[in-house]
Amino acid sequence: MSESPILWEETVQPAASWSHVLKRGTSLRLIDVEGGANAGALFYNFECTAERYNMPDTLKAQHIARLTKGFVLYSDMGRVLCSITGDTVGWHDPIGGCSSAALVRAKYGEARYQEHRNRCYRNGHDSFLVELGKWGLGPRDLAANVNFFSRLDTAADGAITFHGGNSAAGASIELRAEMNVLAVLNTCPHPLDPSPTYDPKPVHLEIRRVAAPGPDDPCRVSRPENGRGFTLTERYFL
Amino acid sequence: MSLVPSSLDPAKAVYRHVIPAGEPWIHEVRGGQFFRIVDLHGNQAVDTLFYNAHDYSDRYSAQDTIRAQANLYLTTGTKLMSTNGTVLLTIVADTCGRHDTLGGACANESNMVRYAIEKRFMHACRSSFLKAVIEWDHGMTKRDIASNINFFMNVPVTPEGGLTFEDGISEPGKYVEMRADTDVLALISNCPQLNNPCNAYDPTPVEVLIWDGSAL
């Protein structure tokens, strides 16, 4: 992971939202402060938000059903939005999606702001919509999301189960922005987390300036597909 | 994997249409109607999206569908969920046994990444999707082209987190049938992919049929 000076850092509180335009040539490190965090994330090309993170293109280009160091996040236009340049976890979930108000109510009951103030129960779907709304985006822009720090196990028949204890306190993942990327995050619990109590965790963020990927960049050379993905991304800026 | 046939008689369908390889198809299916897709020649990828007919922003969601049933593969009993938690359709019969919703649809750009940059010219599903929604003329754009279903495709996930594209398990005449739980807009791209063996390098026609609920 990059050790260049931190430009700025902040903590996303439990079940809170965050968004920022990550400039090309900067990195975003997410740190699971307490262990057991979940960071739901969506990514867009800030210059044309119709171009956005595409789950199937990311998975099939790299023949993966998990995210970790050496892989990249593809847009629907064949370009690399972010590369995963560091990861101490080994598995981040690209499949499980986000929770909804109905799911949270059914699992945990209701905790309104009126009684619980900022410890009220929030859900991933509504959190994404509110944060997207700040950028003029809406329900039509709600794509399949990533869940950093979470993992699902898959059985031979396709059954999926939440893999507890995937991420320990201090675990981190680093994303290098390859474009000017609108990143939208929230720290609501993973929708398949079986915990009977609503217990979202904070995620600490660090932004750094980082070097552009060279010809032997590990994400570029990890697969021939990624070599072409980086070429198409670099052409966009010519 | 259990195979569940349907008792519906194709002669009593209120709508029948053969979609040639590489063509899109867009059509409303009303709540209570039955909607069947027939893999006429076997192992044809049928890239499919559904929308709530009364609100196109409430659309099929691969992640919500997977999460709701805690299973990656679609078959009889699967409820096809929308982003707002609406049950759009339920799969009520399936003689293939398993369908994919992780592999997405091919595009000019993803073909450039996956195969070669000079593949850009080749016809692709997401171009068919765009052509169909433009001609539908209800204001839909690329923002409305979300992650889709690939009927008749076999894309297993390994325990180690790999995604594999296996030989098809479909055959000529296999079909999948859904009951619409609400009024939906169905959008299909009958996949033109020539760069991988999903269609045995030979995209073929499929048939769609619709029955009124009274036909049951």
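The exchange below goes through a predicted model of two chains, A and B.

Colleague: Which strands stand at the edges of the four-strand open sheet of chain A?

Modeller: The strands of this sheet come in the order 2-11-4-7, with antiparallel pairing. Two of them have a single partner strand each, so one side of each is left without a neighbour in the sheet. Neighbouring strands are turned by 25° against each other on average, direction ignored. The edge strands are strand 2 and strand 7 (146–148) of chain A.

Colleague: Which residue in strand 11 of chain A stands opposite Asn45(A)?

Modeller: Strand 4 and strand 11 of chain A run antiparallel and are joined by six bridges. Opposite Asn45(A), in strand 11, stands Val181(A).

Colleague: What angle does helix 4 of chain A make with strand 11 of chain A?

Modeller: Helix 4 of chain A packs on the sheet. There it touches strand 2, strand 4 and strand 11 of chain A. Its direction and that of strand 11 make an angle of about 145°.

Colleague: Why do the buried residues of helix 4 of chain A lie on the same side?

Modeller: In helix 4 (residues 124–133) of chain A, the buried residues are Gly124(A), His125(A), Ser127(A), Phe128(A), Glu131(A) and Leu132(A). The arc they cover around the axis puts them on the same side of the helix. An α-helix has 3.6 residues a turn, so residues three or four places apart point the same way. The arc is only 165°.

Colleague: Which strands do those buried residues of helix 4 of chain A pack against?

Modeller: The partners are all in chain A. They are strand 2 (17–22), strand 4 (39–45) and strand 11 (181–186).

Colleague: How many residues of strand 3 of chain A are buried?

Modeller: Both faces of strand 3 are covered. Thr26(A), Leu28(A), Leu30(A) and Asp32(A) are buried on one side, and Ser27(A), Arg29(A) and Ile31(A) on the other. The strand, residues 26–32, is therefore largely enclosed by the rest of the structure, and the count is seven of the seven.

Colleague: What are the bridge partners of Arg29(A) and Leu30(A)?

Modeller: Strand 3 of chain A pairs antiparallel with strand 12 (residues 203–209) over seven bridges. With strand 10 (residues 171–177) of chain A, strand 3 also pairs antiparallel, over six bridges. Arg29(A) has its partner in strand 12, Glu206(A). Leu30(A) stands opposite a residue of strand 10, Ile173(A).

Colleague: Which strands are the edges of the six-strand open sheet of chain B?

Modeller: The order here is 1-11-3-9-7-6, and the pairing is antiparallel. The twist averages 20° from one strand to the next. Each edge strand has a single partner strand, so one side of each lacks a neighbour in the sheet: these are strand 1 (15–19) and strand 6 (79–81) of chain B.

Colleague: Which residue in strand 9 of chain B stands opposite Asp39(B)?

Modeller: Six bridges join strand 3 (residues 34–39) and strand 9 (residues 174–180) of chain B, which run antiparallel. Asp39(B) faces Lys174(B).

Colleague: Which exposed residues does helix 3 of chain B carry on the face turned away from its buried side?

Modeller: The buried residues are Cys125(B), Arg126(B), Ser128(B), Phe129(B), Ala132(B) and Val133(B). They cover an arc of only 155° around the axis, which puts them on the same side of helix 3. Their cover includes strand 2 (24–29), strand 4 (46–52) and strand 10 (184–190) of chain B. The face turned away carries Ile134(B) and Glu135(B).

Colleague: Which residue with a positive phi follows helix 3 of chain B?

Modeller: Helix 3 spans residues 125–136 of chain B. Its 12 residues reach 16 Å from first C-alpha to last, close to the 16 Å expected. Phi is near 60° in the residue that follows, Asp137(B).

Colleague: Is Val29(B) buried or exposed?

Modeller: Val29(B) is found in strand 2 of chain B. Its contacts beyond four places in sequence are Phe35(B), Ala180(B), Val184(B), Ala186(B) and Ile210(B). The C-alpha atoms of Val29(B) and Ile210(B) are 7.6 Å apart, though 181 residues separate them along the chain. The cut-off for burial is 20 or more other C-beta atoms within 10 Å. Val29(B) has 23, so it is buried.

Colleague: Which elements of chain B give two or more residues to the side that touches chain A?

Modeller: The contact takes 33 residues from chain B and 40 from chain A. On the chain B side, 14 are nonpolar, 12 polar and seven charged. The elements asked for are helix 1 (62–69) and helix 2 (108–114) of chain B.

Note on methods. Residues are numbered from 1 along each chain as its sequence is written. Chains are lettered from A and ligands numbered from 1 in the order in which they are written. This is a predicted model: local features need pLDDT of at least 70, side-chain atom pairs count only at pLDDT 80 or more; totals for chains, interfaces and linings use all residues. A residue is buried if 20 or more other C-beta atoms lie within 10 Å of its own, exposed if 12 or fewer, and partly exposed in between; C-beta atoms are placed from the backbone. The arc is that of the directions from the helix axis to the C-beta atoms. Two residues are in contact if their C-beta atoms, placed from the backbone, lie within 7 Å. Ala, Val, Leu, Ile, Met, Phe, Trp, Tyr, Cys and Pro count as nonpolar, Asp, Glu, Lys and Arg as charged, and the others, Gly among them, as polar. The expected span of a helix is 1.5 Å times one less than its number of residues. Two strands pair if DSSP finds at least two bridges between them. Axes are lines fitted to C-alpha atoms, for helices over the stretch in contact, and angles run from 0 to 180 degrees between N-to-C directions.
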